[in-house]
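Student: I would like to learn how to read a model like this one. Where do we start?
Tutor: With the ligand. Then we move outward.

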Amino acid sequence: MSDAPIRPEGGRHHVVIIGSGFGGLFAAKDLKNADVDITLIDRTNHHLFQPLLYQVATGILSAGEIAPSIRQVLSGQDNLNVVKGEVVDINIDTKRVTTQLDDISRNYEYDSLIIAAGASQSYFGNDHFAQHAPGMKSIDDALGLRARIVEAFERAEITEDPAERERLLTFVVVGAGPTGVELAGQLAEMAHRTLAGEYTNFNPSAAKIILLDGAPQVLPPFGKRLGRNAQRQLEKLGVTVKLNALVTNVDENAVTYKSTLDDSEHTIEAFCKIWSAGVQASPLGKMVADQAGVEVDRAGRVLVNNDLSLGEHRNIFVLGDMIALKGLPGVAQTAIQGGEYVAELIAEEVEGRSIEEREDFDYFDKGSMATVSRFSAVVKMGNVEVTGFIGWILWLGVHVMFLVGFRNRLISALNWGLNALSPKRYNLATTREQLLARTALARVAEVDQIAADAPIDIARQLKAKVAKKK
Ligand SMILES: Cc1cc2nc3c(=O)[nH]c(=O)nc-3n(C[C@H](O)[C@H](O)[C@H](O)COP(=O)(O)OP(=O)(O)OC[C@H]3O[C@@H](n4cnc5c(N)ncnc54)[C@H](O)[C@@H]3O)c2cc1C
């Protein structure tokens with residue numbers, strides 16, 4: 001490991017940004033003309049438009065359309081350097097960020113630090129559910145899910161056991177927020193429309209799509225009227241919506257839930273289970289909060305100051321899904337506006353403006369939207385509520401506008417147009433690696449753990465064997 005801290009030559013103010021998601025990307029872009037050097041660190045090589053992951057999972061879009069290379073997105077920015085690596089440590093006393101890329105470790109020294117590392121799926125203390133009900137947070141997740149959905153239909157074609165076929169054709173989505181609703185809607189369209197007539201031994205319309213949530217309505221933040229509207233649309237598509245249903249177990253074969261109304265327990269046998277119910281902020285938040293003597297909430301979000309800074313460390317900013325501030329929602333706009341706000345503060349302060357002159361971060365709520373199916377979406381903008389086709393047109397406009405890159409906007413709009421007119425989907429290719437990678441990686445982690453727990457000489461032998469095979 002190299003211990004020497006890295007900072008760009010020339011001695012300009014050095015801004016280190018962790019995360020090339022919405023917060024990190026918008027902060028980086030808005031610092032383009034500032035008198036600073038920027039190091040943007042991410043463990044992936046892309047900017048991910050998470051709201052459209054479900055469209056990759058269900059074969060409408062390809063991965064590239066929602067995940068452009070971050071180097072290409074920011075290629076015209078001379079004051080910026082992109083680094084691929086997992087941030088494994090932040091030391092706020094020495095002002096160092098440590099990254100790891102496989103066995104290569106590096107330290108970066110910052111003057112200002114922007115932490116926009118997002119959130120992961122939360123299983124509310126039941127992390128073992130993750131093995132059988134993966135969430136959808138990354139391109140890997142979406143491609144793995146696509147492979148599993150397609151695999152379910154392919155296995156249903158060759159099985160001779162009717163009970164097994166029913167299990168294969170049952171899809172359970174846990175969590176009736178926007179992601180769960182959008183995914184359930186698209187699964188239903190896939191089964192009833194895209195795959196209709198494509199199999200010999202069964203009718204894909206027989207697939208059951210079940211949406212579970214512990215809350216009494218779908219899309220709780222959208223309010224009752226829009227929630228009811230979305231539920232009706234889903235039911236029209238053939239989705240079974242089960243509310244007041246708290247999931248108590250997930251295993252390889254089934255999901256078990258308990259009704260919060262009468263405490264009855266129910267088990268649904270299903271091959272494909274998807275978790276979209278809850279988020280946990282990146283552990284980097286707690287790491288810096290502990291050092292600064294700042295609290296985090298139950299979801300690991302940092303209780304930042306009104307200027308998004310961390311306690312007395314006014315040069316460290318936390319953004320987006322990682323913050324708990326005045327009940328701001330964990331949505332793209334919170335991260336985007338936060339990134340733009342922090343970039344402006346830094347740019348002005350390197351020009352000599354005093355920290356004392358900072359104004360509070362003022363979030364502007366631009367509304368929320370979710371598509372239920374082709375031609376149907378629910379949209380809430382302040383007191384204005386829009387549903388159906390007009391809602392879908394609004395959804396289309398906003399997503400075309402916010403996707404990164406002209407090509408991606410064009411190709412996605414073309415795909416949505418084709419998808420509206422034709423039942424076919426053009427991104428249904430799946431690979432064995434996509435299907436098996438999750439399980440394989442879990443096994444590798446298990447072996448690593450066994451090696452770590454084993455007596456030192458056995459661990460050494462195990463490691464030597466693995467290294468030899470590499
Ligand atoms: C499936 C899904 C659907 C959604 N739908 C909507 C929607 O319809 N509308 C809406 O407004 N919002 C939606 N959201 C929420 C929205 O995407 C997030 O609020 C937004 O992405 C938060 O931005 P961020 O910059 O805080 O984090 P992110 O965009 O998540 O970016 C975090 C970045 O940090 C990187 N990172 C994390 N940890 C490390 C580390 N240790 N080292 C290096 N890099 C790291 C990640 O690779 C990632 O690139 C959705 C989210 C999901 C998952």
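Student: Which residues come nearest to the ligand?
Tutor: This is a predicted model. Of the 34 residues around the ligand, Gly19, Gly21, Gly118, Gly320 and Val331 come nearest.

Student: Which elements give two or more residues to the shell?
Tutor: Three helices and two strands, in this case: helix H1 (22–30), helix H7 (178–194) and helix H10 (332–350), with strand S3 (36–42) and strand S5 (86–91).

Student: How do the shell residues divide into nonpolar, polar and charged?
Tutor: There are 16 nonpolar, 13 polar and 5 charged residues.

Student: Where does the ligand lie relative to the domains?
Tutor: Ask which domains give residues to its shell. Domain 1 (5–43 + 85–121 + 280–357) does, and domain 2 (127–277) does as well, so the ligand lies between them.

Student: Next, sheets. How do strands of a sheet pair?
Tutor: They pair through backbone hydrogen bonds, either parallel or antiparallel. Here, an open sheet of 3 strands has the order S20-S21-S22, and its pairing is antiparallel.

Student: Which strands are at the edges?
Tutor: Look for strands that pair on one side only. These are strand S20 (368–373) and strand S22 (384–386). Neighbouring strands in this sheet are turned by 10° against each other on average, direction ignored.

Student: How many bridges join S21 to S22?
Tutor: Strand S21 (residues 376–381) and S22 run antiparallel and are joined by 3 bridges. As for a single contact, Val379 has Val386 in S22 as its bridge partner.

Student: How should I read a record against the model?
Tutor: Take the annotated span, then check the chain there. The unreviewed UniProt entry annotates residues 389–406 as "transmembrane region". Over residues 389–406, the chain is 83% helix and 0% strand. The end C-alpha atoms of that span are 25 Å apart.

Student: Which non-glycine residues have a positive phi?
Tutor: Two to look at are Phe124, with a phi of about 50°, and Asp263, with a phi of about 65°. Phe124 sits in the loop between strand S9 (119–121) and helix H5 (139–158). Asp263 sits in the loop between strand S14 (254–259) and strand S15 (265–269).

Student: Why does Asp263 count as exposed?
Tutor: Count C-beta neighbours inside 10 Å. Asp263 has 8, and exposed means 12 or fewer, so Asp263 counts as exposed. Phe124 has 14 other C-beta atoms within 10 Å, so Phe124 is partly exposed.

Technical notes
Residues are numbered from 1 along each chain as its sequence is written. This is a predicted model: local features need pLDDT of at least 70, side-chain atom pairs count only at pLDDT 80 or more; totals for chains, interfaces and linings use all residues. A residue is near a molecule or strand if its C-beta atom, placed from the backbone, lies within 6 Å of it. Helices (H or I, at least four residues) and strands (E, at least two) are DSSP runs, numbered from the N terminus. Ala, Val, Leu, Ile, Met, Phe, Trp, Tyr, Cys and Pro count as nonpolar, Asp, Glu, Lys and Arg as charged, and the others, Gly among them, as polar. Domain bounds come from an automatic or database domain assignment. Two strands pair if DSSP finds at least two bridges between them. Axes are lines fitted to C-alpha atoms, for helices over the stretch in contact, and angles run from 0 to 180 degrees between N-to-C directions. UniProt positions are given in the numbering used here, feature names are shortened, and annotations may be inferred rather than shown by experiment. A residue is buried if 20 or more other C-beta atoms lie within 10 Å of its own, exposed if 12 or fewer, and partly exposed in between; C-beta atoms are placed from the backbone.
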